[in-house]
Amino acid sequence: MTDTPVPILMYHSVATDPNEATRELSVTPDAFAEQMAAIGELGLTPVTTATVAARWRHGRPLPERPVLITFDDGYEGVHRHALPVLAKHGFAATLFVSTGWIRGPHDTGDGLDTMLDWDQVRDLAAAGVEIGGHSHTHPQLDQLDDAGLRHELIHCKEIVTDELGTVPASFAYPYGYSSRGVRQAVRETGYAQALAVGNGLARRRQGPYALHRVTVRRATGAEEFARLVQGRAIARTFAKDRALTKGYALVRRARQVRRKAIRSRV
């Protein structure tokens with residue numbers, strides 16, 4: 001039971017009319033409501049990231065037919081549209097915030113669309129949504145030098161802690177990108193687990209700092225969604241995404257090696 005593969009759904013924006021920057025990875029409020037209803041009809045059990053990681057860490061059984069509902073970045077529609085639906089069904093979820101994109105005193109002004117403010121993040125936390133970290137400015141963490149990487153992780157953690165009064169336990173890598181050094185830094189910063197993308201089912205053997213998720217986007221239809229949450233045809237559904245991810249990983253690795261070589265000569 002402890003090795004049960006788990007679908008971790010990765011949402012971004014829930015919006016009727018998102019801008020072009022967020023449209024592809026958004027879902028409509030109606031689609032989100034239908035997807036949550038499908039989870040209920042299929043008898044799945046939504047749990048938080050921290051719950052699954054803790055049970056895997058201690059070898060304890062997971063709830064029957066678990067599924068994770070996660071949101072990245074911190075778009076306003078998570079509060080406006082998703083929260084009432086989650087509350088209706090009594091579903092757990094996890095929101096990963098890029099603290100520099102949340103409206104308020106730490107806002108860098110770089111959020112891609114209308115973002116949450118901290119009162120709304122506190123509302124979500126009060127409703128039982130786990131709030132995790134997603135860096136401060138949403139960079140590709142594996143392309144940063146050590147000082148920049150540590151700043152992104154620590155500043156994000158400190159802001160969430162100050163604004164909510166609780167220390168975030170979970171982290172999600174922006175764009176899903178990480179490296180051995182990034183994963184080590186996330187662990188040393190104090191996060192207990194972290195989510196990548198991978199477009200595959202999460203398994204205990206992936207380790208707590210590289211758990212896979214599957215992408216839900218505007219083009220995800222009802223049949224495809226049903227397959228995702230039941231763990232069926234995942235590889236076929238995301239074959240193109242996986243090929244692109246592998247190719248771009250090689251490009252990023254080459255860039256990282258070149259930057260290190262340049263820095264060593266300075």
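These are my notebook entries on what I looked up in this predicted model.

**Entry 1: the whole chain**

I started with the overall make-up, and I found 10 helices and eight strands in the chain. Next I checked the dimensions: the C-alpha trace spans about 60 × 40 × 40 Å along its principal axes. Is the chain as compact as a globule would be? I compared radii of gyration: a compact globule of 266 residues would come near 18 Å, and the chain has 18 Å, so the two agree.

**Entry 2: inside and outside**

I then asked what share of the 266 residues is buried. The answer is 49%. For the outside, I noted an accessible surface of about 12,100 Å², with 51% of that belonging to carbon and sulfur atoms. I also looked at how the chain meets itself: of the contacts between residues at least 6 apart in sequence, 64% join residues at least 24 apart.

**Entry 3: charges**

I counted charged side chains here, and there are 34 positive and 29 negative ones. The centres of the two sets lie 11 Å apart.

**Entry 4: Pro84**

I went looking for Pro84 and found it in helix α4, which runs over residues 77-89. Is Pro84 buried or exposed? Neither label fits: its relative accessibility is 46%, and buried means under 20% while exposed means over 50%. Pro84 therefore counts as partly exposed. I also took its distance to Leu228: the two are 144 residues apart in sequence, and their C-alpha atoms are 23 Å apart in space.

**Entry 5: helix α5**

Which residues of α5 (residues 118-126) are buried? I wrote down Trp118, Gln120, Val121 and Leu124. These residues cover an arc of only 155° around the axis, so they sit on the same side of α5. I wanted to know what lies over them, and the cover includes α4, the helix that holds Pro84. Also part of the cover are β4 (94-97), β5 (130-133) and α6 (146-164).

**Entry 6: Thr99**

My last stop was the loop between β4 and α5, where Thr99 is found. Thr99 has a relative accessible area of 0%, which is why I list it as buried. What does Thr99 touch, leaving aside its neighbours within four places in sequence? I noted contacts with His106, Trp118, Ser135, His136, Cys156, Ile159 and Val160. One of these, Trp118, is already in my notes as a buried residue of α5.

Definitions and conventions
Residues numbered from 1 in each chain as written. Predicted model: local features only at pLDDT ≥ 70, side-chain atom pairs only at ≥ 80, totals over all residues. Heavy atoms only, no water. Helix = DSSP H or I, 4+ residues; strand = E, 2+ residues; numbered from the N terminus. Rg over C-alpha atoms; globule rule 2.2 N^0.38 Å. Buried < 20%, exposed > 50% of the residue type's maximum accessible area, 1.4 Å probe, protein only. Contact = heavy atoms within 4.5 Å. Areas by Shrake-Rupley, 256 points an atom, 1.4 Å probe, with all protein chains shown as cover. Lys, Arg positive; Asp, Glu negative; His and termini not counted. Charge placed at Lys NZ, Arg CZ, Asp CG, Glu CD. Arc of directions from axis to C-beta.
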